[in-house]
Each structure stands twice: as structure tokens, then as C-alpha cells.
Amino acid sequence: MEYVHQRMMENKQVLLPLLRYLPWLQQKGGQSVSTNYQGEGLSEHSMAFPVYDSTLMSFVKEAAKSPLMDRNYLYVYSRNRIRTHDDERRVIASATWKEWDVLRGILSKYVLGGRVKAVLWNEAVTERIFFLTLSRMKEIIEFWDQPFQV
């Protein structure tokens, strides 16, 4: 019991900086947070590129430097047979402190994977994956410790 409480105290310190984005992620759930650049000088032969919301970029930057990132997130997906957004939501909803690494893997897929395939960032907000993952992590910590003071 003491081990779990100690782990949750450590996880609380790691999660705390990301929780300030929770209201924004909840508000933007189901909405697109990127637009295609339509600036001057783009000709018909130019390729449009996405421009992301500054809050999303701040969240991604903060999350990427946190210890929550797991570079082996693909293993989490294959081991738990996660293939769709519904699978992700099902795993997130049923996660306990024992599945903390699974939650880290889901978060990492979108944060780290978005560096290569940037559409993942928008997808994680639209499908509410960022919001659900952070909310579940917060609930798990609050179950073992006192509520957050954000």
C-alpha cells in the first residue's frame, strides 16, 4: 500500500504541469485545432501545411519533455491489442494504477508520434484522447491521494 501511495505522489508531481491544459482540451474535444496555411505567395503548385493552435503546441512541448513519455509506445499498443480510437477509450476508461504505463503509452503515441505525423496531434484533440488520458490519470492519483489544487 505504501508503495502505491509513493508512486502516486511521484506521478502527481509529473502530471501537475499538464493539468492546466485539461479545461482547454475538454472545450476543444471534437473540434479541429489546426488550419491550413493560406498566406500570400502560395501558388497552385505549392503545398499547404497545417498551422496548429498555440495552446496545443504548448501542451505538446510540455508533455514531450515530461517523464510520462514512453518511446516504446508501439509495444503498449501491440501488447494490449489497441487498434482503434474505441479501443483506446475502452482501455483508458478501465485503467487503474496498474495500467499507468498503458496510459503513458497512449499519451506518448500522440505526442511523440505527432512529431513525425503531425495530424496525430489534431486527431488526439478531436477524438478526446488527450483529455480522457489526462483525466483518467488525475482520477487515479486522486483515488490514492488528496484532490489536486490546480
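Biologist: What makes the largest nonpolar core a core, and which residues have the most contacts inside it?

Modeller: In this predicted model, the set has 44 residues, and Leu25, Leu56, Phe59, Phe130 and Leu134 have the most contacts inside it. The name fits because a nonpolar core is a set of buried residues such as Leu and Phe, joined through side-chain atoms within 4.5 Å.

Biologist: Which helix gives the most to this core?

Modeller: Helix 6 does, with eight residues.

Biologist: What does phenylalanine 130 touch?

Modeller: Leaving out residues up to four places away in sequence, its partners include Leu25, Leu56, Phe59, Tyr110 and Trp121.

Biologist: Why is glutamate 88 called buried?

Modeller: Buried means under 20% relative accessible area. Glutamate 88 comes in at 1%, so it counts as buried.

Biologist: And how do you know that glutamate 88 forms a salt bridge with lysine 109?

Modeller: The closest N and O atoms are 3.7 Å apart. The cut-off is within 4 Å for a Lys or Arg side-chain nitrogen and an Asp or Glu carboxyl oxygen, so the pair qualifies. Glutamate 88 sits in helix 5 and lysine 109 in helix 6, so the bridge ties together parts that are 21 residues apart in sequence.

Biologist: Why is lysine 109 called partly exposed?

Modeller: Its relative accessible area is 21%, and partly exposed runs between the 20% and 50% limits, so lysine 109 gets that label.

Biologist: What makes arginine 90 and aspartate 87 a salt bridge?

Modeller: Their side chains meet at 3.6 Å, N to O, and the limit is 4 Å, so the pair counts. Both residues lie in helix 5, three residues apart, about one turn of the helix. Aspartate 87, at 19%, falls under 20% and is therefore buried, while arginine 90 is partly exposed at 46%.

Biologist: Where do aspartate 101 and arginine 104 lie, and how far apart are they in sequence?

Modeller: Both are in helix 6, three residues apart. Their salt bridge is 3.0 Å, N to O. Arginine 104 has 17% relative accessibility, so it counts as buried, and aspartate 101 is partly exposed at 40%.

Biologist: What stands out about phi in arginine 81?

Modeller: Phi is positive, about 55 degrees, although arginine 81 is not a glycine. The residue is in the loop between helix 4 and helix 5.

Biologist: Why is arginine 81 called exposed?

Modeller: Exposed means over 50%; arginine 81 has 61% relative accessibility, so the label holds.

Notes. Residues are numbered from 1 along each chain as its sequence is written. This is a predicted model: local features need pLDDT of at least 70, side-chain atom pairs count only at pLDDT 80 or more; totals for chains, interfaces and linings use all residues. Side-chain values use heavy atoms; hydrogens and water are left out. Buried means under 20% relative accessible area, exposed over 50%, partly exposed in between (1.4 Å probe, protein chains only). Helices (H or I, at least four residues) and strands (E, at least two) are DSSP runs, numbered from the N terminus. Contact means heavy atoms within 4.5 Å.
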